[in-house]
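This report walks through a single protein chain, one topic at a time. Please keep the sequence and the structure in view while reading.

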Amino acid sequence: MSRHKHQRPIRNATERLLNTVLRTGRLAGLSYRLGGLGRVGVTYQEVELGPERRLAEPLRIGFASDFHAGPTTHPALFDDLLAAIRAERPDVLLLGGDYVSFDAHNVAGLAAFLAGARAPLGTYAVIGNHDIWNGRAVVEDALRAGGVEVLVNRSAALPPPFGHVSVCGIDDPWTGDPSAGAAFAGAGAVRIYLMHSPDGLFRLERQRFDVGFAGHTHGGQIALPDGAPLFRPSGPCSREFTYGRYDLPDNGPLIVSRGVGCSGIPLRLNADPELLICTLR
């Protein structure tokens, strides 16, 4: 258990209670069978780059976030996500954090997914607040063992022919130790900003990016039929940018995903889990 979780006694007690009630995973299994966890869908976006940052060919980016492995999310949902990734065949796969709920060792439930989710140009990940609360070292070790490159305040250049494209990953904006300056240091001309929550914008420090990806909000997880979330997370940008594409005046678009798993309770309503496929042209 991390020091961050000890500093939140009310949250810690609530999570212990939920973990006890949901421990068997039977409720999550029932919810999955009845459609209560939603159905994994694919959402498509396209981003046009300016001529000064032209790509040799289109780059297909896959983004998935907020897995919440543990008693709130049935493992079959990860199989559905993996099937969608294999069908879409993105060039690069990005993972947006919150891999576990309640206990860092629940990340073992993602082992088969991580082993199977391969992209030709690599898989890159950042860390979320639930990972930090429950023990980030265990989560990061599991990601690396699954062949994922973890980006904590640093960038990674993609292989040719996309060597001038960098994935710039920042630590969780509030529970981590974020540094956008370090995340963008040495980045190429085309910059993909990978963050757990939209509040990565709040920590941007005037850095430039061409497209940004975030999760954390779950699209509310429980929303009205028109998609309006009933619950909004804390954080100035997370409250404002809850789901979808936001074209920003001084940067590329921010695209916020509903994520995959469930936090707190095994239920999604009008906020289905999703795989995001974004094509840079």
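## Helix H4 and its cover

The buried residues of helix H4 are covered by surroundings that include helix H3, strand E1 (41-47), strand E2 (59-64), strand E3, helix H5 and strand E12. This picture comes from a predicted model, and everything described below should be read with that in mind. The residues of H4 that count as buried are Ala76, Leu77, Phe78, Leu81, Leu82, Ala84, Ile85 and Glu88.

Helix H4 is made up of 13 residues, and the distance from its first C-alpha to its last is 19 Å, which is close to the 18 Å expected at 1.5 Å a residue. After H4 comes Arg89, a residue whose phi is positive, near 55°.

## The nonpolar cores

In soluble globular proteins, nonpolar side chains tend to be buried together. In this model the largest nonpolar core has 34 residues, and those with the most contacts inside it are Phe67, Leu95, Tyr99, Leu110, Phe113 and Leu143. At least two residues of this core are supplied by each of helix H4 (76-88), strand E3 (92-95), helix H5 (111-116), helix H7 (136-145) and strand E12 (274-280). Helix H4 gives the largest share of this core, namely seven residues.

Which residues does Tyr99 touch, once its neighbours within four places in sequence are left aside? Tyr99 is then in contact with Phe67, His68, Ala69, Val107, Leu110, Ala125, Val126, Ile127, Asp131, Val139 and Leu143. Apart from the core that includes Tyr99 lies another core, of 26 residues, and among them are Leu59, Leu151, Val211 and Leu276.

## A nonpolar patch on the surface

Nonpolar side chains also appear on the outside of this model, where Leu27, Leu30 and Leu34 form a surface patch with about 310 Å² of accessible area together. One of these residues, Leu27, belongs to helix H3 (residues 26-33). Leu27 counts as partly exposed because its relative accessible area is 46%, and partly exposed residues fall between the 20% limit for buried and the 50% limit for exposed.

## Salt bridges

The structure holds 11 salt bridges, and three of them are followed here one after another. In the first example, the side chains of Arg53 and Glu52 meet at 3.3 Å, N to O. Glu52 is exposed, since its relative accessible area is 55%. In the second example, Arg136 forms a salt bridge with Asp171, and their closest N and O atoms are 3.0 Å apart. This pair links distant parts of the chain, with Arg136 in helix H7 and Asp171 in the loop between strand E7 and helix H8 (180-184), 35 residues apart. Is each partner buried or partly exposed? Arg136 counts as partly exposed, at 22% relative accessibility, whereas Asp171 is buried, with a relative accessible area of 4%.

In the third example, Arg144 forms a salt bridge with Glu140, the closest N and O atoms being 3.2 Å apart. These two residues are separated by about one helical turn, because Arg144 and Glu140 are four residues apart in helix H7. Arg144 is partly exposed at 43% relative accessibility, while Glu140 is buried, with a relative accessible area of 10%. Elsewhere, Glu52, Arg53, Arg208 and Asp210 are joined into one network by salt bridges that share partners.

## Backbone details in the loops

Some points in the loops deserve a careful look at the backbone. Phe102 has a phi near 75°, a positive value in a residue other than glycine, and Phe102 is placed in the loop between E3 and H5. Is Phe102 buried or exposed? Phe102 counts as buried, because its relative accessibility is 10% and the limit for buried is under 20%.

His216 likewise is not a glycine and has a positive phi, of about 80°. The loop that holds His216 lies between strand E9 (211-214) and helix H9 (236-240), and at 19% relative accessibility His216 counts as buried. Finally, Pro160 and Pro161 are joined by a cis peptide bond, with an omega of about 5°, and Pro161 lies in the loop between strand E6 (154-157) and strand E7 (165-169).

Definitions and conventions
Residues are numbered from 1 along each chain as its sequence is written. This is a predicted model: local features need pLDDT of at least 70, side-chain atom pairs count only at pLDDT 80 or more; totals for chains, interfaces and linings use all residues. Side-chain values use heavy atoms; hydrogens and water are left out. Patches are made of residues with over 30% relative accessible area and no salt bridge: like charges are joined within 9 Å, nonpolar side chains (Val, Leu, Ile, Met, Phe, Trp, Tyr) within 5 Å. Accessible areas come from the Shrake-Rupley method with a 1.4 Å probe; for residues, only the protein chains shown count as cover. A salt bridge is a side-chain nitrogen of Lys or Arg within 4 Å of a carboxyl oxygen of Asp or Glu. Buried means under 20% relative accessible area, exposed over 50%, partly exposed in between (1.4 Å probe, protein chains only). A nonpolar core is a set of buried Ala, Val, Leu, Ile, Met, Phe, Trp, Tyr and Cys residues joined through side-chain atoms within 4.5 Å. Contact means heavy atoms within 4.5 Å. The expected span of a helix is 1.5 Å times one less than its number of residues.
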